[in-house]
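Me: I should like to learn how to read a model of this kind, feature by feature. Could we begin with a single residue and work outwards?

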Amino acid sequence: QAQLVESGGGQVQAGGSLGLSCAASGYTYGRGCMAWFRQAPGKEREGVAYINTDGTSTDYAGSVTGRFTISQDNAKNPLYLQMNLLKSEDTAMYYCALSDDPRCNYSPLSSAAYQYWGQGTQVTVSS
C-alpha cells in the first residue's frame with residue numbers, strides 16, 4: 001500500500017514562486033504515473049501535471065503550461081512541482097497522486113486513473 005506525503009505549500013504573492021515535494025513509500029516503481037492535482041473551494045479536482053515513472057513523458061494542464069514544471073529525482077522519490085509566475089487562480093489544495101496501473105498513461109490528468117493520494121498541501125496566492 002503506497003503512502004504519499006506532500007510538503008512545501010504556503011502563501012506567496014502573485015508573480016512569485018513555490019515548490020512542492022511528494023515523498024512516496026511502500027511502492028515498487030513500475031510503468032505507472034505520478035501527478036499533481038489541485039482542488040479549489042467549490043471546484044472539481046483538476047490534473048495539473050503528470051510524469052510517468054520512467055521520467056520520459058510529462059503533460060500539463062493548459063492553465064499551467066510554461067509556468068509549472070514536474071520532475072522526480074533519479075530514485076523516483078520524491079516528486080517535485082516547481083511553480084513560477086503564480087496567479088491568484090492557482091490558489092488551491094494541491095495533491096500528489098500515484099498509479100501503479102500502466103493504463104494511467106492513457107488519461108494521465110484524470111483523477112480516475114490514480115489509486116493512491118496524499119493528504120494535500122495548501123497553496124495560497126495573494127494578489
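**Reading the model**

Reply: The model is a predicted one. We begin with Pro108, which is found in the loop between β9 and β10 (116–117).

Me: Is Pro108 buried or exposed?

Reply: The general idea is to compare the relative accessible area with a cut-off: buried means under 20%. Pro108 has 11% relative accessibility and therefore counts as buried.

Me: Which residues does Pro108 touch, leaving aside those up to four places away in sequence?

Reply: A contact requires heavy atoms within 4.5 Å. On that basis Pro108 touches Ala35, Phe37, Tyr50, Asp59 and Tyr114. With Asp59, the separation along the sequence is 49 residues, while the C-alpha atoms are 7.7 Å apart in space.

Me: How many helices and strands does the protein chain have?

Reply: The protein chain has 11 strands and zero helices. Read from the N terminus, its elements run β-β-β-β-β-β-β-β-β-β-β. The radius of gyration is 13 Å, close to the 14 Å that the globule rule gives for 127 residues, so the protein chain is as compact as a globular protein of that length.

Me: What does the C-alpha trace span along its principal axes, and what share of the residues is buried?

Reply: The trace spans about 40 × 25 × 25 Å. Of the 127 residues in the protein chain, 42% are buried. The exposed area is about 6,400 Å², and carbon and sulfur atoms supply 45% of it.

Me: How should contacts be read against sequence separation?

Reply: One takes the contacts with a separation of 6 or more and asks what part of them joins residues 24 or more positions apart; in the protein chain that part is 59%. Met93, in strand β9, offers an individual case. Its C-alpha atom and that of Val123 are separated by 6.1 Å, although the two residues are 30 apart along the chain.

Me: Which residues does Met93 touch beyond four places in sequence?

Reply: Met93 touches Phe37, Arg38, Gln39, Gly120, Thr121 and Gln122. With a relative accessible area of 25%, Met93 is partly exposed.

Me: Where is Leu79, and is Leu79 buried or exposed?

Reply: Leu79 belongs to strand β8 and is buried, at 0% relative accessibility. Apart from residues up to four places away in sequence, Leu79 touches Leu20, Ser21, Cys22, Met34, Ala35, Trp36, Ile51, Ile70, Ser71, Gln72 and Cys96. A distance can also be read for Leu79 and Tyr60: they are 19 residues apart along the chain, and their C-alpha atoms are separated by 15 Å.

Me: How many salt bridges does the count come to?

Reply: A salt bridge is recognised when a side-chain nitrogen of Lys or Arg lies within 4 Å of a carboxyl oxygen of Asp or Glu. By this rule the count comes to four. As background, the protein chain has 8 positive and 10 negative side chains, and the centres of the two sets lie 2 Å apart.

Me: What is the N to O distance between Glu46 and Arg38?

Reply: The closest N and O atoms of Glu46 and Arg38 are 2.6 Å apart. Arg38 is buried, with a relative accessible area of 6%, whereas Glu46 is partly exposed at 32%.

Me: Which parts of the chain does the pair of Arg67 and Asp90 tie together?

Reply: Arg67 and Asp90 form a salt bridge whose closest N and O atoms are 2.8 Å apart. Arg67 lies in the loop between β6 (58–60) and β7 (68–72), and Asp90 in the loop between β8 (79–83) and β9 (92–99), so the pair ties together parts that are 23 residues apart in sequence. Arg67 counts as buried at 9% relative accessibility, and Asp90 counts as buried at 0%. Salt bridges that share partners join Arg38, Glu46, Arg67 and Asp90 into one network.

Me: Which residue meets Asp101 in a salt bridge?

Reply: Arg103 does, with an N to O distance of 2.7 Å. Arg103 counts as exposed, at 59% relative accessibility.

Me: Finally, what phi does Leu85 have?

Reply: Backbone angles are read residue by residue. Leu85 has a positive phi of about 50 degrees although it is not a glycine. Leu85 is found in the loop between β8 and β9 and counts as exposed, at 52% relative accessibility.

Conventions: Residues numbered from 1 in each chain as written. Predicted model: local features only at pLDDT ≥ 70, side-chain atom pairs only at ≥ 80, totals over all residues. Heavy atoms only, no water. Helix = DSSP H or I, 4+ residues; strand = E, 2+ residues; numbered from the N terminus. Rg over C-alpha atoms; globule rule 2.2 N^0.38 Å. Buried < 20%, exposed > 50% of the residue type's maximum accessible area, 1.4 Å probe, protein only. Areas by Shrake-Rupley, 256 points an atom, 1.4 Å probe, with all protein chains shown as cover. Lys, Arg positive; Asp, Glu negative; His and termini not counted. Charge placed at Lys NZ, Arg CZ, Asp CG, Glu CD.
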